[in-house]
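Q: Please take a close look at the sheet and at what packs against it. How are the strands ordered, and which helices touch them?

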Amino acid sequence: MSQLFDQRKTVRKYTDQVVSQELILEVLKDAQKAPSWANSQPWEVYVATGEVLERLRKANLAAYDSKEAKDDKDMPKPGQWPDYLQERMNSAYAKLFAQSGIDRDDVQAREENWRNNYQFFNAPVAMFICLDRELSEWSTLDAGIYAGNLMLAATQHGLGTSPAASSVAYPHILREVLEIPDQQRIIVGIMMGYEDKDHFYNRSVSARLPLEENIHFKGI
Ligand SMILES: Cc1cc2nc3c(=O)[nH]c(=O)nc-3n(C[C@H](O)[C@H](O)[C@H](O)COP(=O)(O)O)c2cc1C
(Lines give C-alpha, C1' and ligand atoms only; values in the text may rest on other atoms or scores of the structure.)
Protein backbone atom coordinates (compact mmCIF):
# COMPACT_ATOMS: atom_id res chain seq x y z
CA MET A 1 0.00 0.00 0.00
CA SER A 2 1.36 3.43 -0.79
CA GLN A 3 2.41 5.54 2.17
CA LEU A 4 -0.04 8.39 1.64
CA PHE A 5 -3.08 6.11 1.77
CA ASP A 6 -1.62 4.27 4.74
CA GLN A 7 -1.01 7.49 6.65
CA ARG A 8 -4.44 9.07 6.25
CA LYS A 9 -6.75 8.28 9.11
CA THR A 10 -9.45 10.09 11.04
CA VAL A 11 -7.82 12.19 13.74
CA ARG A 12 -10.03 12.74 16.79
CA LYS A 13 -7.83 15.07 18.84
CA TYR A 14 -5.54 17.86 17.67
CA THR A 15 -2.75 19.85 19.32
CA ASP A 16 -3.17 23.61 19.80
CA GLN A 17 -0.60 24.30 17.08
CA VAL A 18 -1.91 26.82 14.57
CA VAL A 19 -1.84 25.84 10.88
CA SER A 20 -0.27 28.64 8.87
CA GLN A 21 -2.38 30.37 6.25
CA GLU A 22 0.21 29.41 3.60
CA LEU A 23 -0.18 25.73 4.43
CA ILE A 24 -3.98 25.91 4.42
CA LEU A 25 -3.79 27.47 0.96
CA GLU A 26 -1.37 24.78 -0.28
CA VAL A 27 -3.80 22.06 0.82
CA LEU A 28 -6.77 23.84 -0.76
CA LYS A 29 -4.87 24.33 -4.04
CA ASP A 30 -4.12 20.59 -4.22
CA ALA A 31 -7.69 19.63 -3.33
CA GLN A 32 -9.02 21.96 -6.03
CA LYS A 33 -7.55 19.57 -8.63
CA ALA A 34 -10.32 17.06 -7.90
CA PRO A 35 -12.22 15.83 -10.98
CA SER A 36 -15.90 16.78 -11.32
CA TRP A 37 -18.79 16.55 -13.76
CA ALA A 38 -17.71 18.55 -16.87
CA ASN A 39 -15.24 20.33 -14.57
CA SER A 40 -18.16 22.10 -12.91
CA GLN A 41 -16.28 22.18 -9.55
CA PRO A 42 -19.59 22.64 -7.73
CA TRP A 43 -18.17 22.72 -4.18
CA GLU A 44 -18.34 25.94 -2.15
CA VAL A 45 -16.05 25.60 0.84
CA TYR A 46 -16.23 27.68 4.02
CA VAL A 47 -12.95 27.63 5.95
CA ALA A 48 -13.10 28.66 9.60
CA THR A 49 -10.09 29.37 11.83
CA GLY A 50 -9.16 31.59 14.75
CA GLU A 51 -11.81 33.64 16.54
CA VAL A 52 -14.59 32.68 14.08
CA LEU A 53 -13.96 28.98 14.66
CA GLU A 54 -13.96 29.50 18.45
CA ARG A 55 -17.37 31.17 18.21
CA LEU A 56 -18.62 28.27 16.15
CA ARG A 57 -17.19 25.69 18.53
CA LYS A 58 -18.78 27.35 21.55
CA ALA A 59 -22.22 27.62 19.93
CA ASN A 60 -22.07 24.05 18.61
CA LEU A 61 -21.14 22.59 21.98
CA ALA A 62 -23.84 24.64 23.71
CA ALA A 63 -26.41 23.23 21.24
CA TYR A 64 -25.20 19.70 21.99
CA ASP A 65 -25.14 20.20 25.76
CA SER A 66 -28.67 21.64 25.74
CA LYS A 67 -29.79 18.54 23.77
CA GLU A 68 -30.96 20.62 20.82
CA ALA A 69 -32.49 18.41 18.11
CA LYS A 70 -30.05 17.61 15.32
CA ASP A 71 -31.04 18.65 11.83
CA ASP A 72 -29.99 16.39 8.93
CA LYS A 73 -32.38 17.76 6.30
CA ASP A 74 -29.50 18.88 4.06
CA MET A 75 -27.94 15.39 4.15
CA PRO A 76 -30.53 12.89 5.43
CA LYS A 77 -29.33 9.62 6.91
CA PRO A 78 -31.02 6.41 5.80
CA GLY A 79 -33.93 5.48 8.08
CA GLN A 80 -32.44 2.04 8.34
CA TRP A 81 -29.15 0.72 7.02
CA PRO A 82 -29.12 -2.68 5.30
CA ASP A 83 -28.36 -5.32 7.96
CA TYR A 84 -24.95 -6.27 6.59
CA LEU A 85 -23.78 -2.63 6.69
CA GLN A 86 -25.27 -2.02 10.13
CA GLU A 87 -23.33 -5.04 11.41
CA ARG A 88 -20.15 -3.74 9.81
CA MET A 89 -20.64 -0.33 11.44
CA ASN A 90 -21.43 -1.86 14.84
CA SER A 91 -18.22 -3.85 14.83
CA ALA A 92 -16.24 -0.78 13.65
CA TYR A 93 -17.67 1.31 16.55
CA ALA A 94 -16.90 -1.47 19.05
CA LYS A 95 -13.33 -1.68 17.78
CA LEU A 96 -12.91 2.09 17.77
CA PHE A 97 -14.02 2.36 21.41
CA ALA A 98 -11.98 -0.65 22.52
CA GLN A 99 -8.79 0.63 20.84
CA SER A 100 -9.33 4.10 22.30
CA GLY A 101 -9.68 2.57 25.75
CA ILE A 102 -13.33 3.60 26.12
CA ASP A 103 -15.24 0.96 28.04
CA ARG A 104 -18.68 0.07 26.64
CA ASP A 105 -20.23 0.63 30.04
CA ASP A 106 -18.37 3.83 30.84
CA VAL A 107 -21.20 6.27 30.20
CA GLN A 108 -19.11 9.29 31.08
CA ALA A 109 -16.23 8.36 28.76
CA ARG A 110 -18.68 7.73 25.91
CA GLU A 111 -20.36 11.05 26.56
CA GLU A 112 -16.97 12.82 26.54
CA ASN A 113 -16.26 11.18 23.20
CA TRP A 114 -19.44 12.67 21.75
CA ARG A 115 -18.71 16.09 23.27
CA ASN A 116 -15.32 15.89 21.60
CA ASN A 117 -17.14 15.50 18.26
CA TYR A 118 -19.22 18.62 18.88
CA GLN A 119 -16.06 20.58 19.73
CA PHE A 120 -14.67 19.64 16.32
CA PHE A 121 -12.00 17.48 18.00
CA ASN A 122 -10.18 20.64 19.10
CA ALA A 123 -9.10 21.21 15.47
CA PRO A 124 -7.64 24.63 14.59
CA VAL A 125 -9.21 24.55 11.10
CA ALA A 126 -12.76 23.52 10.12
CA MET A 127 -13.84 23.34 6.48
CA PHE A 128 -17.47 22.94 5.44
CA ILE A 129 -18.27 21.66 1.96
CA CYS A 130 -21.51 23.02 0.46
CA LEU A 131 -23.45 22.55 -2.77
CA ASP A 132 -26.17 24.51 -4.54
CA ARG A 133 -29.61 23.08 -3.79
CA GLU A 134 -30.41 22.79 -7.51
CA LEU A 135 -27.75 20.13 -8.06
CA SER A 136 -28.24 16.36 -8.24
CA GLU A 137 -26.50 13.35 -6.75
CA TRP A 138 -23.83 13.65 -9.42
CA SER A 139 -22.59 16.80 -7.73
CA THR A 140 -22.75 15.16 -4.30
CA LEU A 141 -20.40 12.58 -5.81
CA ASP A 142 -18.13 15.44 -6.94
CA ALA A 143 -18.17 16.87 -3.41
CA GLY A 144 -17.19 13.45 -2.03
CA ILE A 145 -14.30 13.18 -4.44
CA TYR A 146 -13.27 16.70 -3.46
CA ALA A 147 -13.41 15.76 0.23
CA GLY A 148 -11.18 12.74 -0.44
CA ASN A 149 -8.69 14.92 -2.31
CA LEU A 150 -8.72 17.46 0.51
CA MET A 151 -7.90 14.85 3.15
CA LEU A 152 -5.14 13.23 1.11
CA ALA A 153 -3.66 16.65 0.27
CA ALA A 154 -3.60 17.51 3.97
CA THR A 155 -1.93 14.18 4.76
CA GLN A 156 0.68 14.88 2.09
CA HIS A 157 1.42 18.19 3.85
CA GLY A 158 1.82 16.54 7.27
CA LEU A 159 -1.62 17.44 8.61
CA GLY A 160 -4.34 15.31 10.13
CA THR A 161 -8.00 15.50 9.12
CA SER A 162 -11.42 14.34 10.30
CA PRO A 163 -14.47 14.04 8.10
CA ALA A 164 -17.37 14.55 10.51
CA ALA A 165 -21.11 14.28 10.03
CA SER A 166 -21.36 15.42 13.65
CA SER A 167 -19.84 18.77 12.66
CA VAL A 168 -22.89 19.63 10.53
CA ALA A 169 -25.57 18.49 13.00
CA TYR A 170 -26.56 22.09 13.73
CA PRO A 171 -26.52 23.73 10.29
CA HIS A 172 -28.31 26.89 11.48
CA ILE A 173 -25.24 27.73 13.62
CA LEU A 174 -22.88 27.23 10.67
CA ARG A 175 -25.14 29.35 8.45
CA GLU A 176 -25.26 32.18 10.92
CA VAL A 177 -21.59 32.32 11.89
CA LEU A 178 -20.14 31.55 8.44
CA GLU A 179 -22.82 33.41 6.47
CA ILE A 180 -23.69 30.38 4.33
CA PRO A 181 -26.66 31.24 2.07
CA ASP A 182 -29.85 29.15 2.27
CA GLN A 183 -29.36 28.21 -1.37
CA GLN A 184 -26.35 26.11 -0.32
CA ARG A 185 -26.76 22.64 1.20
CA ILE A 186 -24.16 21.95 3.88
CA ILE A 187 -22.78 18.53 2.97
CA VAL A 188 -20.01 17.71 5.43
CA GLY A 189 -17.32 19.24 7.60
CA ILE A 190 -13.63 18.32 7.42
CA MET A 191 -11.50 19.29 10.40
CA MET A 192 -7.76 19.80 9.96
CA GLY A 193 -4.70 20.37 12.14
CA TYR A 194 -1.74 18.67 13.77
CA GLU A 195 -2.57 15.30 15.30
CA ASP A 196 -2.14 15.00 19.05
CA LYS A 197 -0.22 11.76 18.76
CA ASP A 198 -0.27 11.09 22.51
CA HIS A 199 -4.02 11.26 22.88
CA PHE A 200 -5.87 7.98 23.39
CA TYR A 201 -8.58 8.99 20.89
CA ASN A 202 -5.93 8.68 18.19
CA ARG A 203 -4.87 5.15 19.09
CA SER A 204 -7.45 3.43 16.92
CA VAL A 205 -6.53 1.95 13.56
CA SER A 206 -9.44 1.14 11.26
CA ALA A 207 -9.46 -2.08 9.24
CA ARG A 208 -10.64 -2.64 5.67
CA LEU A 209 -12.43 -5.52 4.02
CA PRO A 210 -10.39 -7.98 1.99
CA LEU A 211 -10.91 -7.20 -1.70
CA GLU A 212 -12.80 -10.48 -2.28
CA GLU A 213 -15.59 -9.22 -0.06
CA ASN A 214 -16.80 -6.20 -2.02
CA ILE A 215 -14.85 -6.02 -5.27
CA HIS A 216 -16.46 -8.13 -7.94
CA PHE A 217 -13.81 -9.36 -10.35
CA LYS A 218 -15.12 -10.55 -13.69
CA GLY A 219 -12.83 -12.01 -16.31
CA ILE A 220 -9.58 -11.72 -14.33
C1 LIG B 1 -18.97 11.28 5.57
C2 LIG B 1 -18.24 10.88 6.81
C3 LIG B 1 -18.73 11.27 8.05
C4 LIG B 1 -18.05 10.93 9.22
N5 LIG B 1 -18.51 11.38 10.44
C6 LIG B 1 -17.81 11.11 11.57
C7 LIG B 1 -18.22 11.66 12.82
O8 LIG B 1 -19.20 12.40 12.91
N9 LIG B 1 -17.47 11.39 13.92
C10 LIG B 1 -16.36 10.58 13.85
O11 LIG B 1 -15.71 10.38 14.88
N12 LIG B 1 -15.95 10.04 12.67
C13 LIG B 1 -16.63 10.30 11.54
N14 LIG B 1 -16.21 9.80 10.33
C15 LIG B 1 -14.97 9.00 10.27
C16 LIG B 1 -15.22 7.52 10.02
O17 LIG B 1 -15.70 6.93 11.20
C18 LIG B 1 -13.90 6.89 9.55
O19 LIG B 1 -13.56 7.43 8.30
C20 LIG B 1 -13.96 5.37 9.43
O21 LIG B 1 -14.22 4.79 10.68
C22 LIG B 1 -12.64 4.80 8.85
O23 LIG B 1 -11.57 5.21 9.68
P24 LIG B 1 -10.33 6.05 9.12
O25 LIG B 1 -10.86 7.32 8.53
O26 LIG B 1 -9.48 6.32 10.35
O27 LIG B 1 -9.63 5.21 8.09
C28 LIG B 1 -16.88 10.12 9.15
C29 LIG B 1 -16.40 9.73 7.88
C30 LIG B 1 -17.05 10.11 6.74
C31 LIG B 1 -16.48 9.71 5.40
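A: The sheet comes first, then its helices and the nonpolar core.

This is a predicted model, in which local features need pLDDT of at least 70 and side-chain atom pairs count only at pLDDT 80 or more, while totals for chains, interfaces and linings use all residues. Residues are numbered from 1 along each chain as its sequence is written, and side-chain values use heavy atoms, with hydrogens and water left out.

Four strands form an open, antiparallel sheet in the order S1-S2-S4-S3, where strands (E, at least two residues) and helices (H or I, at least four) are DSSP runs numbered from the N terminus, and two strands pair if DSSP finds at least two bridges between them. S1 and S3 (160-164) stand at the edges with a single partner strand each, so one side of each lacks a neighbour in the sheet. From one strand to the next the twist averages 25 degrees. S2 and S4 run antiparallel and are joined by eight bridges, and Val125 stands opposite Met192 in S4.

Helix H6 (residues 137-156) packs on the sheet, touching S1, S2, S3 and S4, and its direction makes about 160 degrees with that of S2; contact means heavy atoms within 4.5 Å, and angles, from 0 to 180 degrees, are taken between N-to-C directions of axes fitted to C-alpha atoms, for helices over the stretch in contact. H7 lies across S1, S2 and S4, at about 80 degrees to S4.

Leaving aside residues up to four places away in sequence, Leu178 touches Tyr46, Ala48, Val52, Leu56 and Phe128.
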